[in-house]
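Here is a friendly briefing to read alongside the model. Have the viewer open and follow the topics in order.

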Amino acid sequence: MSLKKINTVLAAAFILFIVWFGLEFILSPETTAPGFGLPSWPSGDGGGFLVIKGIRDVVLALVLGILLVTGHRRALGWVLLVEALAAYGDMATVLAHRGSVATALGVHGLTATLMVVNGLLIMRETRKVAAAPATPAPHLLNNALTTPHREHRSP
């Protein structure tokens, strides 16, 4: 399997996972929230923040999906690297609020690290294309080599 196919499968898996997780927070935040890793959750109107987290996740996934579907692979690599910061931020939030270390590292940290790996692999895959120097068209080279150069001398 080629590097491009592996990268595509990984990116698609991230997109589906992030959409699913985001939709869970939007549709049933009270049942999804305990898996986030924090020891206590907002009550009353504070639960709206969980929906905001879900919306954030869905939007992050849609950005990745658009880049994947439209074939903007180098941009996809960069965005995966940047969006990994959201998962690292979730990890730091869980750790800073005395949440589950296992969830912080095993869910958020692992997800972020795999996103970075996928982003770097896509950057590696696209590096050759982006860094390739422009070369003249072959027919121009042939003309330059076969056309005699005449010097103009004054009489």
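Helices here are DSSP runs of H or I with at least four residues, numbered from the N terminus. With that in hand, F21 and F25 are about one helical turn apart, because they are four residues apart in helix α1 (residues 3-27). Please keep in mind that this is a predicted model. The tour below starts with the aromatic rings, moves to the largest pocket, and ends with the helices and loops.

**Aromatic rings**

- A search of the whole structure turns up five aromatic pairs.
- One of them joins F21 and F25: the ring centres are 5.2 Å apart and the planes meet at 65°, so this pair is edge-to-face. The angle is what decides it, because planes over 60 degrees apart count as edge-to-face.
- Are these two residues of α1 buried or exposed? F21 has 16% relative accessibility and F25 has a relative accessible area of 0%, so both fall under the 20% cut-off for buried.
- F25 also pairs with F36, with ring centres 6.2 Å apart and planes at 90°, so this pair is edge-to-face too.
- The F25 and F36 pair ties together parts that are eleven residues apart in sequence, because F25 lies in helix α1 while F36 lies in the loop between α2 (29-32) and α3. Both F25 and F36 are buried.
- Which residues make up the aromatic cluster? F17, W20, F21, F25 and F36 form one cluster.
- F25 has a charged partner as well: the charged end of K53 sits over its ring, 4.9 Å from the centre.

**The largest pocket**

- The volume of the largest pocket is about 160 Å³.
- Its lining includes F25, F36 and K53. The other lining residues are L38, S40, W41, P42, F49, L50, R56, D90 and T93.
- Which elements give two or more residues to this lining? They are α3 and α4, and α3 gives the most, with four residues.
- By residue type, the lining of the largest pocket divides into seven nonpolar, two polar and three charged residues.

**Helix α3**

- The end C-alpha atoms of helix α3 (residues 48-70) are 33 Å apart, which agrees with the 33 Å that its 23 residues should span at 1.5 Å a residue. The expected span takes one less than the number of residues.
- The buried residues of α3 include L50 and K53, and both of these also line the largest pocket. The rest of the buried set is G54, D57, V58, A61, L64, G65, L67 and L68.
- Just after α3, G71 takes a positive phi of about 80°.

**Helix α4 and the loop that follows**

- A96 belongs to helix α4 (residues 73-96). With a relative accessible area of 58%, A96 is exposed, because the cut-off for exposed is over 50%.
- How far apart in space are A96 and L38? Their C-alpha atoms are 9.5 Å apart, although the two are 58 residues apart in sequence. L38 is also one of the residues that line the largest pocket.
- R98 is in the loop between α4 and α5 (101-131). Although R98 is not a glycine, it has a positive phi of about 55°.
- R98 counts as exposed, at 76% relative accessibility.

Definitions and conventions. Residues numbered from 1 in each chain as written. Predicted model: local features only at pLDDT ≥ 70, side-chain atom pairs only at ≥ 80, totals over all residues. Heavy atoms only, no water. Buried < 20%, exposed > 50% of the residue type's maximum accessible area, 1.4 Å probe, protein only. Phe/Tyr/Trp six-rings, centres within 6.5 Å; stacked < 30°, edge-to-face > 60°. Lys NZ or Arg CZ within 6 Å of the ring centre and 35° of its normal. 1 Å grid on protein atoms, 1.4 Å probe; cavity = no way out; pocket = protein on both sides within 12 Å on 5 of 7 lines; lining within 4 Å. Points joined across faces, edges and corners; volume = space filled by probe spheres on them. Nonpolar A, V, L, I, M, F, W, Y, C, P; charged D, E, K, R; others polar.
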